[in-house]
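Colleague: I am new to this structure and would like to go through its side-chain contacts with you. Could you take my questions in turn and explain how each answer is reached?

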Amino acid sequence: MPRVRELEVFRLVLPYGRRPESILVKLTDYGGMTGWGEVVQGPDRPRAVHAEAADDERDPDDRETGEGRSDRDQVLAKTWATLEESLGPALLGVDWEHPNDLAAVPASPAVDLACWDLWARMRGVPLAHAIGGTRTSVVATVRLPAERSLEAMVARVNRHVGAGYAHVTLDVHPGWDVEPVRAVRQAYPALALAVDALGGYTDVTALEALDAYDVTAIERPFGGVDGPPDLAMHAELQGRVSSAVAVEVHSVSALEKAIAARAASALLLRPARFGSLWAARVAHDRAAAAGWDITAAGGAGTGLARAATVAVASLPGCTLPSNVTEPPRSAQIVAPPVGASGGVVAVPLTQPGLGHLVDEDRVRRLARDSFRL
């Protein structure tokens, strides 16, 4: 029976992109077993067009406006205070049989993941199996932002296709949608291609036109990034296109409303936004029961949150390629790094828990602040 003896919390500034921040949680039980979790805040927002940069210099989840970064800072500060003042002390000395037993304790995605990692390690099972995953590998999509030119976009796609990716997701926004999709489709007729609209649209016209280019999914067309999606607009678009319209929601109750409204035929499942891995699993089950396809996404950070997304992507209902490509390998604190090889991410099944060892020395070097309870 797990019983937390010690909790350590680290706030890290990560050495890539816009230098995003992450909070790591380490739990140690009375037998000396440890579990790790991570929270990386910063909802996706429409991105400014940028000059091409090397892929190892930035992460797809860390391209946001100054406003988005301010929001993330506020959420991280609140998470830090909650861990130090209430959540951390509430965990110490508590006996529990299963992570779900801690539902009465105020939730934090980092603590929830650490509890699952600890629980799975104590039982000697991989996290993917602990939550019901059945896949040994996950087909990955690579997500590409808007470029300054169609030529630059096609060149970037070419590099990823050359690296083995068979699926690409293009960020689109009004004024940058039909033309880039047409250019990529003309260059790669057989490439599986999806688009992420980042909630930036108010009518269906341009997105409906994408159906002519064999797009597998149109993700988040009308809201759902920072607030609730416009279910009526989603439903209208889904009624006009053969592509799967993917809605992003952050609770099972919101998913039920989307299913009832026939607002989509796919779910963009971002585990960290559900607050707990079990809630994400319940959402997966409900979407699969409704006949929806599912794509998992999210993580960024140091590799820990991304490893949790890989575990969720191993669930049987995750039928669409998932955004589980790694943060830059140089930024990760886990071994082996979370990453794709030939467009496929292996689900770690030979080690218990998350399946990755944490470089604690590097964590402490990168930490701008920490505390221990």
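Colleague: Is tryptophan 278 buried, partly exposed or exposed?

Modeller: This is a predicted model, in which local features need pLDDT of at least 70 and side-chain atom pairs count only at pLDDT 80 or more, while totals for chains, interfaces and linings use all residues. Residues are numbered from 1 along each chain as its sequence is written, and side-chain values use heavy atoms, with hydrogens and water left out. Buried means under 20% relative accessible area and exposed means over 50%, with partly exposed in between (1.4 Å probe, protein chains only). Tryptophan 278 has a relative accessibility of 34%, so the residue counts as partly exposed.

Colleague: Which aromatic cluster does tryptophan 278 belong to?

Modeller: Rings of Phe, Tyr and Trp (its six-membered ring) pair if their centres lie within 6.5 Å, and planes under 30 degrees apart count as stacked, over 60 as edge-to-face and the rest as tilted. The structure holds four aromatic pairs. Tryptophan 116 and tryptophan 119 make an edge-to-face pair, with 5.6 Å from centre to centre and 80° between the planes. One aromatic cluster is formed by Trp116, Trp119 and Trp278.

Colleague: How are the rings of tryptophan 116 and tryptophan 278 arranged?

Modeller: Tryptophan 116 is buried, its relative accessible area being 0%. The ring centres of tryptophan 116 and tryptophan 278 lie 6.2 Å apart and the planes are at 15°, so the pair is stacked. This pair links distant parts of the chain, since tryptophan 116 belongs to helix α2 and tryptophan 278 to helix α9, at a separation of 162 residues.

Colleague: What parts of the chain does the salt bridge between glutamate 6 and arginine 372 tie together?

Modeller: A salt bridge here is a side-chain nitrogen of Lys or Arg within 4 Å of a carboxyl oxygen of Asp or Glu, and in the bridge between glutamate 6 and arginine 372 the closest N and O atoms are 4.0 Å apart. Helices (H or I, at least four residues) and strands (E, at least two) are DSSP runs, numbered from the N terminus. Glutamate 6 is in strand β1 (residues 4-13) and arginine 372 in strand β15 (residues 367-372), so the pair ties together parts that are 366 residues apart in sequence.

Colleague: Which of the words buried and exposed applies to glutamate 6, and which to arginine 372?

Modeller: Glutamate 6 has a relative accessibility of 19% and therefore counts as buried. Arginine 372, by contrast, has a relative accessible area of 52%, so arginine 372 is exposed.

Colleague: Which residues are linked with these two in a network of salt bridges?

Modeller: The structure holds 21 salt bridges. Glu6 and Arg372 are linked in a network with Glu8, Lys26, Glu360 and Arg364.

Colleague: What is the distance in the salt bridge between arginine 270 and glutamate 248?

Modeller: At 8% relative accessibility, arginine 270 counts as buried. Glutamate 248 is buried as well, with a relative accessible area of 1%. The closest N and O atoms of arginine 270 and glutamate 248 are 3.2 Å apart.

Colleague: What is the distance between aspartate 171 and arginine 143 in their salt bridge?

Modeller: Aspartate 171 and arginine 143 are both buried. Their side chains meet in a salt bridge whose N to O distance is 3.1 Å.
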